[in-house]
Amino acid sequence: MGLPKVEPPCPKHHLLKHSKEQKLPERKPYKVPVEGIKSSIPSERPIMGHHTKKNFVQGNIVDVKMSVPRKPVPIIVDTRRGNKMLLEPSGLLPTLLYRKDYGKIPDYLIKRTEEEKKAQEEYDAYVKERIRQGSMKMLTEDERNNVLLGLKQNWAELNHAYQSLSILIDTESKKLHKEALETKMKKLEQDIDLIEKHKFIYIPRN
């Protein structure tokens with residue numbers, strides 16, 4: 001019972017500074033490997049007493065005169081503090097004008113135009129064949145104008161009826177009547193636009 005009886009620590013075996021840190025291995029002297037290293041001493045004996053009559057000063061003068069001066073790189077200053085940036089990648093130069101294919105029609109557009117032209121020729125040949133067989137006929141200019149005039153008159157009558165509707169649409173019958181007028185007017189507008197766009201109109205014979 002009571003406190004355990006232990007020997008007091010020896011004052012000579014106290015904890016020293018950096019005693020628990022990991023120690024690195026001892027450094028060994030580095031030896032340069034002999035194999036694989038070229039000798040810096042030339043093996044061939046240099047030519048001694050060789051003189052040349054070349055005038056290096058005059059040659060340098062000629063080289064400077066014949067050399068092309070280097071063009072300065074174009075830059076742009078965009079702030080008052082003098083911040084510089086290259087002009088070419090900035091997008092301010094019309095570099096697309098100097099392309100080889102600038103102003104030329106792309107190949108896909110030429111191909112599409114040829115396909116459309118071929119399809120139109122095939123359609124015209126089909127229409128001519130049907131006309132020759134007597135199954136189709138082409139409307140004359142007077143017939144086309146009369147059809148167009150009749151469609152416009154019908155649209156004007158429907159528009160007058162539409163404008164005459166009451167402001168307050170409070171019943172189901174009024175709503176249905178208004179929607180029917182709008183549908184008929186829209187259909188007539190599409191027919192009028194179709195006839196005005198096409199000069200030649202073919203219809204089947206009865």
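**Two helices, a core and a pocket**

Helix α3 has 23 residues, which at 1.5 Å a residue should span 33 Å, and its end C-alpha atoms are indeed 33 Å apart. Here the expected span is 1.5 Å times one less than the number of residues, and helices (H or I, at least four residues) are DSSP runs numbered from the N terminus. This is a predicted model, where local features need pLDDT of at least 70 and side-chain atom pairs count only at pLDDT 80 or more, while totals for chains, interfaces and linings use all residues. Residues are numbered from 1 along each chain as its sequence is written, and side-chain values use heavy atoms, with hydrogens and water left out.

Helix α4 tells a similar story: it has 26 residues and reaches 38 Å from its first C-alpha to its last, close to the 38 Å expected. Its buried residues (under 20% relative accessible area, 1.4 Å probe, protein chains only) are worth a look: Leu181, Met185, Leu188, Ile192 and Ile195 are buried in α4. An α-helix has 3.6 residues a turn, so residues three or four places apart point the same way. What covers the buried residues of α4 includes α3. On the α3 side, the buried residues are Arg144, Leu148, Leu151 and Leu158, and they pack against α4.

Now for the largest nonpolar core, meaning a set of buried Ala, Val, Leu, Ile, Met, Phe, Trp, Tyr and Cys residues joined through side-chain atoms within 4.5 Å. This core has ten residues: Leu139, Leu148, Leu151, Leu158, Leu181, Met185, Leu188, Ile192, Ile195 and Ile201. Both α3 (141–163) and α4 (172–197) supply at least two residues each, with the largest share, five residues, coming from α4. Take Met185: leaving aside neighbours within four places in sequence, Met185 is in contact (heavy atoms within 4.5 Å) with Trp155, Leu158, Asn159 and Tyr162.

What about Arg144, which lies in α3? Arg144 counts as buried because its relative accessibility is 10%. Beyond its neighbours within four places in sequence, Arg144 is in contact with Ile195, Glu196, His198, Lys199 and Ile201.

Finally, there is the largest pocket (on a 1 Å grid over the protein atoms alone, an open set of points where a 1.4 Å probe fits, with protein on both sides within 12 Å along at least five of seven lines). Its volume, the space filled by probe spheres set on the points, is about 190 Å³. Among the residues lining this pocket (an atom within 4 Å of a point) are Gln120, Tyr123, His198 and Ile201. Helix α2 (residues 107–133) gives the largest share of the lining, five residues.

Note on methods: Buried < 20%, exposed > 50% of the residue type's maximum accessible area, 1.4 Å probe, protein only.
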